[in-house]
Amino acid sequence: DGCGHTVLGPESGTLASINYPQTSPNSTVCEWEIRVKPGQRVQLKFGDFDIDDSDSCHSSYLRVHNGIGPTRTEIGKYCGFGFQMDGLITSKSNEITVQFMSGIHTSGRGFLAAYSTTDKSDLITCLDNASHFSEPEFNKYCPAGCVIPFADVSGTIPHGYRDSSSLCMAGVHAGVVSNTQGGQINVVISKGIPYYEGSLANNVTSKAGPLSTSLFTFKTSGCYGTLGMESGVIPDSQITASSILEWSDQTGQVNIWKPENARLKRVGPPWAAFISDEHQWLQIDLNKEKRITGIITTGSTLAEYYYYVSAYRILYSDDAQKWTAYREPGMDKDKIFQGNTELHQEVRNNFIPPIIARFFRINPLKWHQKIAMKVELLGCQFSIGRAPKITVPPPPQNKNDDKNDDFSDDFIHSVKTSLQTDKTTFTPEIKNTTVTPSVTKDVALAAVLVPVLVMVFTTLILILVCAWHWRNRKKKTEGTYDLPYWDRAGWWKGMKQFLPSKSAEHEETPVRYSSSEISHLRPREVPTMLQTESAEYAQPLVGGIVGTLHQRSTFKPEEGKEASYADLDPYNSPIQEVYHAYAEPLPITGPEYATPIIMDMSSHPSTPLGVPSISTFKAAGNQAPPLVGTYNKLLSRTDSTSSAQALYDTPKGQPGPGAADELVYQVPQSVAHSTGSKDE
């Protein structure tokens, strides 16, 4: 009646006196017989030892024996308050007996110890925490049975656990070791965080914890990713159930809690069974074999429907026909997993060893009100190849053929039996490394082709860039005023976008000519006489006997009048050796429009009245040019050059020719485009 917390695994375990860590009762006794595989030995380590030694270990003590039964031999007898036993107690065989005796005493907690086979040299107990070790990273072996009610755990994965937490109990919570089997842990110490969250996982409740100077995490194989319930990678068609809850609420709306609703963290109702009994199930098809390392479940997540599953078992299959219930190694009973304790909290359970299967079933065994749940599976791709096909060479042909045939059949039958089993068997230890895929010829070929393709594409891109750059440079070398390559009809439109707009305050300086100055000049000197610094556009060829303005000039026309000049060849001057075929380039600065021309026409006779014409000049100061006097016809120079004298208008308000020395005239249009007269 003196036995306390006890878990005896095949390779390790934990044992404690009754009522530990409180004072053990008087006059109690407990005896543990521990046996491991033949050929191995047992080692025993104490995590705490506090037994009354007032009578020199006479009535209260702990005794360890080699062997079991009457032939056992004593290894040692121990007692004392706060007794420190730094070393390990090792047996001489694969069997050991531990005996605890509690006499009359007033104090003493008793003891807690762990055992394992001697090949686990880094054995620790369930009471060890991270603060007991100074290394930033270390490996330890946790015994089975470290889920104890008197140890604390704060934190969760992946954020980490508070340094005051029990290492082995945190390892069970994280899913890196099994409580019934124990196992190796790889611990990494790092800086603490302000707050540690709590959660329920693998039947271990982690509590919320405050700030600590350090925390620890575990190195794992990394096979803990989600398999597609929440994300939708698993389609609705691959989620089925034994039954579906369908009902109508008070408003008459039909509610169907279908299997595809059983996706973790999805808003809305869960999956619920129509009948709540132990024969219901939720099935998930993973489409191919996967390595399944864990499951996360919640209840309905709807406050008005307080439904959840509190216990369940797991079944798996490769063909959805023959199902196997999950059992822990060495156990002859199906494992019952702890489910939810309320409808919202996520509860995680890990499979150690992992499940390798395509079809996965959850069979609820206990529930609150109704069977309802949402789930997510954890794991990764199954990349380890299957067992190779066994081939048996043909036996020799002799008189013992019948015996050889029988032997061959028996051998093949034994191989099939070992490969096809319904129960969960031991799996090889999975180290904390991932499987490196083999490098094939295709991979080597790809390693050569990829750099070559990259170089080819890079070369093509460089060639295109250089060609584009060379083309731009060639365009820049062309002259700005290379008019033969431009559209002559749109010359002004092309040039206007390169010229600055004329400021409002700029005043144009009129160009003044007199007939006396022009009459005595030779034809070759006229262009020089007509050039001024303030003119923005090329000046027209104006002279008495040299010639008259052609029907099309280089002056900017009024808006809307441009169409009447579109089709004729400009600057059709008969003196090709004197005047260039094109207008001179415009200066960069200067007024935007041509300046009015003032000429002395006192010696010219007046022309007949009544022939209107429209000017294309723009007056100075950005104002519309006044239309003065009576408009007369300007005789244009024709192709036959039959007219050698030009007719000009007479200014309004003047008595006749010669009334003023200088008169302002507008350059008239051709007779064909006249529209009528207009007063100022």
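In which strand is the place of Leu-315? Leu-315 sits in strand S23, which covers residues 308–317. This is a predicted model, in which local features need pLDDT of at least 70, side-chain atom pairs count only at pLDDT 80 or more, and totals for chains, interfaces and linings use all residues. Residues are numbered from 1 along each chain as its sequence is written, and side-chain values use heavy atoms, with hydrogens and water left out.

**Overall make-up**

- The protein has six helices and 30 strands. Both are DSSP runs numbered from the N terminus: helices are H or I with at least four residues, strands are E with at least two.
- Of its 680 residues, 41% count as buried. Buried means under 20% relative accessible area, exposed means over 50%, and partly exposed lies in between (1.4 Å probe, protein chains only).
- About 37800 Å² of the protein is exposed, and carbon and sulfur atoms supply 54% of that area. Accessible areas come from the Shrake-Rupley method with a 1.4 Å probe; for residues, only the protein chains shown count as cover.
- Among contacts in the protein with a separation of 6 or more, 74% are between residues 24 or more positions apart. A contact means heavy atoms within 4.5 Å.

**Leu-315 and its surroundings**

- Leu-315 counts as buried because its relative accessibility is 14%.
- Residues up to four places away in sequence aside, Leu-315 touches Trp-323, Thr-324, Ala-325, Phe-359, Phe-360, Arg-361 and Asn-363.
- Arg-361 is 46 residues from Leu-315 in sequence, yet the two C-alpha atoms are 5.1 Å apart in space.

**Thr-298 and its surroundings**

- Thr-298 belongs to strand S22.
- Its relative accessibility is 3%, so Thr-298 counts as buried.
- With neighbours within four places in sequence left aside, Thr-298 is in contact with Leu-264, Asn-340, Leu-343, His-344, Gln-345, Glu-346, Ala-372, Met-373 and Lys-374.

**Salt bridges**

- How many salt bridges does the structure hold? The structure holds 15. Each is a side-chain nitrogen of Lys or Arg within 4 Å of a carboxyl oxygen of Asp or Glu.
- Arg-109 pairs with Asp-50, with the closest N and O atoms 3.8 Å apart. Arg-109 lies in the loop between strand S8 (95–102) and strand S9 (110–117) and Asp-50 in strand S4, so the pair ties together parts that are 59 residues apart in sequence.
- The two partners differ in burial class: Arg-109 is partly exposed at 31% relative accessible area, whereas Asp-50 is buried at 9%.
- Arg-358 pairs with Asp-285, and here the closest N and O atoms are 2.8 Å apart. Arg-358 lies in strand S26 (residues 347–368) and Asp-285 in strand S22 (residues 282–298), so this salt bridge ties together parts 73 residues apart in sequence.
- Arg-358 is partly exposed, with a relative accessible area of 26%. Asp-285 is buried, with a value of 12%.
- Lys-258 and Glu-260 meet through their side chains in a salt bridge of 3.6 Å, N to O. Lys-258 counts as partly exposed at 34% relative accessibility, and Glu-260 is partly exposed at 22%.
- Glu-11, Asp-119 and Lys-120 are linked in a network of salt bridges.

**Cis peptide bonds**

- The bond from Tyr-20 to Pro-21 is cis, with omega near 5°. Pro-21 is placed in the loop between strand S2 (12–17) and strand S3 (28–35).
- Ile-157 and Pro-158 are also joined by a cis peptide bond, where omega is about 5°. Pro-158 lies in the loop between strand S11 (155–156) and strand S12 (160–162).

**Positive phi in residues other than glycine**

- Ser-56 has a positive phi, near 60°, and is a residue other than glycine. Its loop runs between strand S4 (42–50) and strand S5 (61–66).
- Is Ser-56 buried or exposed? Ser-56 is exposed, with a relative accessible area of 65%.
- Ala-320 is a residue other than glycine with a positive phi, near 65°. Ala-320 is found in the loop between S23 and strand S24 (324–325).
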